[in-house]
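Let's take a walk through this model, one piece at a time. Keep the 3D view open and follow along.

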Amino acid sequence: MNVHLVDGTYELFRYFFALPSHVTADGREVAATRGVLGTCLQLLEEGATHVGVATDHVIESFRNDLLASYKTGEGVDPALKQQFPLLEDVLRAAGFTVWAMVEFEADDALAAAAAVAAADDRVERALICTPDKDLGQCVTEDGRVVQLDRRKGVLLDHDAVVAKFGVRPESIPDYLGLVGDTADGIPGIPGWGARSTAAVLSRYPHYEDIPPAAGQWDVPGLRGAAKLAKALFDRYDDALLYRRLATLERDVGVGTVDEWEWRGPTDDLPRLCAQIDAPNLAERAKRIAAKRG
């Protein structure tokens with residue numbers, strides 16, 4: 001079997017900015033919720049059987065306690081933010097497994113679910129459906145865990161991650177710790193760009209592997225090694241913190257693969273779809289269930 005692990009937060013943001021506004025009679029913006037439900041139903045129509053959707057029910061997480069500048073919900077459009085609980089309710093009513101994260105983030109749930117799937121011999125492939133770069137750390141060399149950007153139709157396996165970032169998946173947290181990640185509020189270490197970081201980490205996969213003296217580095221063609229070494233080791237504690245922020249937690253309760261099997265919508269879906277002016281989506285879910293018997 002294949003398992004599809006969907007980044008519900010990414011999808012909600014994507015559809016919020018991609019779709020025209022739709023406000024219900026009671027004044028609620030629901031266009032993005034309708035869009036995410038539709039794309040999840042499309043997965044089923046394309047043959048998906050086991051689907052889990054992760055959301056940031058609370059945008060802040062334990063990482064905000066580690067770094068004050070880490071991403072928060074500040075600046076998020078209220079019309080978008082208020083759709084998280086609605087989306088979670090609608091998806092559950094549609095029969096999908098939903099991981100609504102509070103202490104952790106949606107990406108942590110996806111990483112944990114990928115680990116559960118990889119440990120299940122029945123799973124041929126776990127597809128993490130998101131373009132977020134930090135999920136690249138979950139991609140496995142044996143091809144059983146991959147990353148899928150459904151919007152672009154791009155699949156990243158182990159070799160594709162290496163080609164994109166210049167480092168192996170296990171070095172992605174180190175990479176993001178040095179380069180930074182503006183989307184998550186990780187500043188990175190000054191002077192460390194994508195090329196220099198890839199060059200060093202492709203030879204020394206983790207900070208602990210990097211010799212403290214640039215003269216000891218075996219990185220052909222690297223320029224400014226002395227400056228890079230000074231920048232890193234002068235701010236080594238910061239680099240460790242940033243890597244910690246970029247490292248996804250896999251000890252998150254996401255259940256078992258069997259619990260993620262889609263078994264059809266609940267009786268509550270027509271009511272919720274009526275609330276978002278989308279009775280057609282309830283009918284669509286019903287048709288998919290009928291075809292599966």
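Let's begin with the cysteines. This is a predicted model, and the disulfide count in it comes to 0. To score as a disulfide, a pair of cysteine sulfur atoms has to sit within 2.5 Å. Take Cys129: the closest cysteine sulfur belongs to Cys40, and at 8.8 Å that's too far for a bond. Cys273 also has Cys40 as its closest cysteine by sulfur, but the gap there is 12 Å, so no bond there either. What about burial: are these two cysteines buried or exposed? Cys129 is buried, with a relative accessible area of 1%, and Cys273 counts as buried too, at 0%.

Cys40 is a handy stepping stone to the next stop, since this residue is one of those in helix α2 that meet helix α5. Two packed helices are described by the angle between their axes and the distance between the axes. For α2 and α5 (residues 83-93), the axes come within 9 Å and cross at roughly 30 degrees, and the crossing is right-handed. On the α2 side, you'll find Ala31, Ala32, Thr33, Val36 and Leu37 alongside Cys40. Across from them, α5 brings in Gln83, Leu86, Leu87, Val90 and Leu91. Sort that contact by class and you get 9 nonpolar and 2 polar residues, with no charged ones.

Now look at how α2 (residues 31-45) packs with a second partner, helix α13 (residues 279-292): their axes come within 10 Å and cross at roughly 15 degrees. Angles under 35 degrees count as roughly parallel, so α2 is roughly parallel to α13. This crossing is left-handed. From α2, the residues involved are Arg34, Leu37, Gly38, Leu41, Gln42, Leu44 and Glu45. They meet Leu281, Arg284, Ala285, Ile288 and Arg292 in α13. By class, this contact has 6 nonpolar, 2 polar and 4 charged residues. Leu37 is worth clicking on: this residue is on the list for α13 and also on the list for α5.

Last stop: helix α9 (residues 194-203). Which of its residues are buried? They're Ser196, Thr197, Ala198, Val200 and Leu201. And what covers them? The cover includes three helices you can pick out in the view: α7 (158-165), α8 (172-179) and α10 (225-234).

Terms used: Residues are numbered from 1 along each chain as its sequence is written. This is a predicted model: local features need pLDDT of at least 70, side-chain atom pairs count only at pLDDT 80 or more; totals for chains, interfaces and linings use all residues. Side-chain values use heavy atoms; hydrogens and water are left out. Axes are lines fitted to C-alpha atoms, for helices over the stretch in contact, and angles run from 0 to 180 degrees between N-to-C directions. Helices (H or I, at least four residues) and strands (E, at least two) are DSSP runs, numbered from the N terminus. Angles under 35 degrees count as roughly parallel, over 145 as roughly antiparallel, 65 to 115 as roughly perpendicular and the rest as oblique. A crossing is left-handed if the near helix is turned anticlockwise from the far one by less than a right angle, and right-handed if clockwise. Contact means heavy atoms within 4.5 Å. Ala, Val, Leu, Ile, Met, Phe, Trp, Tyr, Cys and Pro count as nonpolar, Asp, Glu, Lys and Arg as charged, and the others, Gly among them, as polar. Buried means under 20% relative accessible area, exposed over 50%, partly exposed in between (1.4 Å probe, protein chains only).
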